[in-house]
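Here is a friendly briefing on one sheet and the strands inside it. Please have a look at the structure first, and then we can walk through it together.

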Amino acid sequence: MSRMFFTERGRILISENEEITRWRWAKKRLTLPKAVVGRPADLWLFVNMYDGNCEPLHVQVNGKAVAAIEPDEKLARNWAWRRVPIRTRTLKAGVNEIILSSGNAAMSAWMLGLESGHRDPQSFLSTDRGATWQHDHMGAHGTLRGEYAVRLRVHDLPDLPSPPITYESASHPRVKELLELVPASIRQTREPWQQLRRLRTWIARSWAHDPAPQSSYAPWDPWTVLDWTKREWGHGRSGKIAMCVHFGAVFSAFATALGHRARCVAVATDFHEPYGHFMAEAWDERLGKWILHDPNLDIHYENGMPLSALELANYAQRKQTLKNFVRAGDGMPKGPPHLIREFEKYFATGKSFRITGLWSRNDFVSKPHVAPPNHGTITYCETDFVWYTPGGQPLAEMFPYAVSDPSYFSAPPEGSPRRVSASSIEAADGAKRKRSKRPRRS
């Protein structure tokens with residue numbers, strides 16, 4: 001048992017974070033209950049180290065030096081979670097202060113994750129070696145107010161209760177409007193399993209996964225993803241700006257609009273490795289189970305019947321290959337080469353399913369703010385994930401929610417989603433035809 005204490009949700013922007021130098025120090029305040037006193041704990045810091053850096057990252061807790069994190073060139077230029085063990089007499093009831101500093105003069109040693117958008121953050125920046133502190137003008141360019149990605153896991157305390165999985169409502173007006181984007185051949189398919197497979201193939205063919213570093217990032221908005229990927233430009237920058245995460249999110253949104261219950265899933269070999277993937281699950285009423293769909297590669301997995309993410313994670317935990325379970329649709333891409341290599345080496349073998357998590361907020365069409373800003377471009381850091389930890393394995397200690405009970409992941413969604421009616425299909429077709437007749441502006 002252990003409990004995570006945190007004040008941010010891992011909504012990290014890849015373009016703007018905090019720099020730690022000789023003069024720029026970062027401070028985090030965590031208010032803790034009396035129960036933490038005398039218990040062992042671990043600090044988790046979300047940091048990015050510059051290549052060639054020789055300066056350690058110094059960590060103080062309540063005025064005591066607790067660690068000097070040495071540079072590790074293997075993690076250079078990559079976001080990573082770094083663990084700092086905390087001795088039993090270090091923490092106290094009430095306000096605890098964690099201070100990070102380094103000895104370099106330039107902004108070229110350590111970068112600390114910063115989640116902006118907080119009105120009264122408990123994170124502070126000092127530009128005079130700790131003499132004074134501020135919680136505005138934060139970040140490398142002094143434009144943010146937010147919380148640093150510094151979390152504390154205290155052992156021998158009850159775990160935090162995991163959040164419920166939130167599903168999108170097919171009756172929401174914005175979700176219903178999505179039907180106008182779905183091809184008629186898919187909307188008019190009455191058999192649910194065939195409809196999902198045709199939807200998956202269509203999405204897989206709608207744009208190509210871009211292997212280049214993302215100059216921007218498309219929001220989890222189906223209209224925007226389909227538009228930006230076609231024009232290869234969005235938010236003032238060029239490029240496809242859509243990754244595997246967007247295939248999964250768009251599939252989940254369209255599946256919901258068609259009357260299915262759907263949710264997003266992420267997998268990883270290790271939180272410090274880049275071989276993760278993002279997919280979706282849809283509830284199958286006939287089979288009474290969740291089925292995993294990969295709309296980026298247009299595949300699902302079968303072993304007698306279609307498999308869920310939970311079942312694939314259990315195979316992976318037993319180090320059993322998934323190669324014989326792969327079932328590909330007509331939209332499976334032939335490239336880019338790196339994606340095919342990763343599929344063959346990590347996804348088909350099951351290695352990337354060893355860490356599997358559910359995204360708990362799937363209502364991102366009706367509530368766009370619940371989607372993360374840069375998932376997939378940086379190491380996993382969002383607190384809205386619930387990770388599967390069979391046997392209580394310590395797979396996700398830098399996250400607040402980890403569940404070993406498989407029933408949490410296999411439970412059916414509350415309520416039975418209504419299949420889209422013929423009148424809804426006709427209404428979508430009518431709206432589409434009406435718009436197509438509007439004269440274009442010159």
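Helices (H or I, at least four residues) and strands (E, at least two) are DSSP runs, numbered from the N terminus. Two strands pair if DSSP finds at least two bridges between them. This is a predicted model, where local features need pLDDT of at least 70, side-chain atom pairs count only at pLDDT 80 or more, and totals for chains, interfaces and linings use all residues. Residues are numbered from 1 along each chain as its sequence is written, and side-chain values use heavy atoms, with hydrogens and water left out.

**The sheet**
- An open sheet of 6 strands has the order β18-β17-β16-β21-β22-β23, with mixed pairing.
- Its edge strands, β18 (289-293) and β23 (402-403), each pair on one side only.

**Neighbours of β17**
- β16 (residues 262-268) and β17 (residues 277-284) are antiparallel and share 6 bridges; Ala 262 has Ala 282 of β17 as its bridge partner.
- β17 and β18 also run antiparallel, joined by 5 bridges, and Ala 280 has His 293 of β18 as its bridge partner.
- The β17 and β18 hairpin has 4 residues between the strands, and Gly 288 there takes a positive phi near 65 degrees.

**Burial of β17**
- In β17, 8 of the 8 residues are buried (under 20% relative accessible area, 1.4 Å probe, protein chains only), so this strand is largely enclosed by the rest of the structure.
- In a regular strand, side chains alternate between the two faces of the sheet.
- One side of β17 holds His 277, Met 279, Glu 281 and Trp 283, the other Phe 278, Ala 280, Ala 282 and Asp 284, and both faces are covered.

Methods: Buried means under 20% relative accessible area, exposed over 50%, partly exposed in between (1.4 Å probe, protein chains only).
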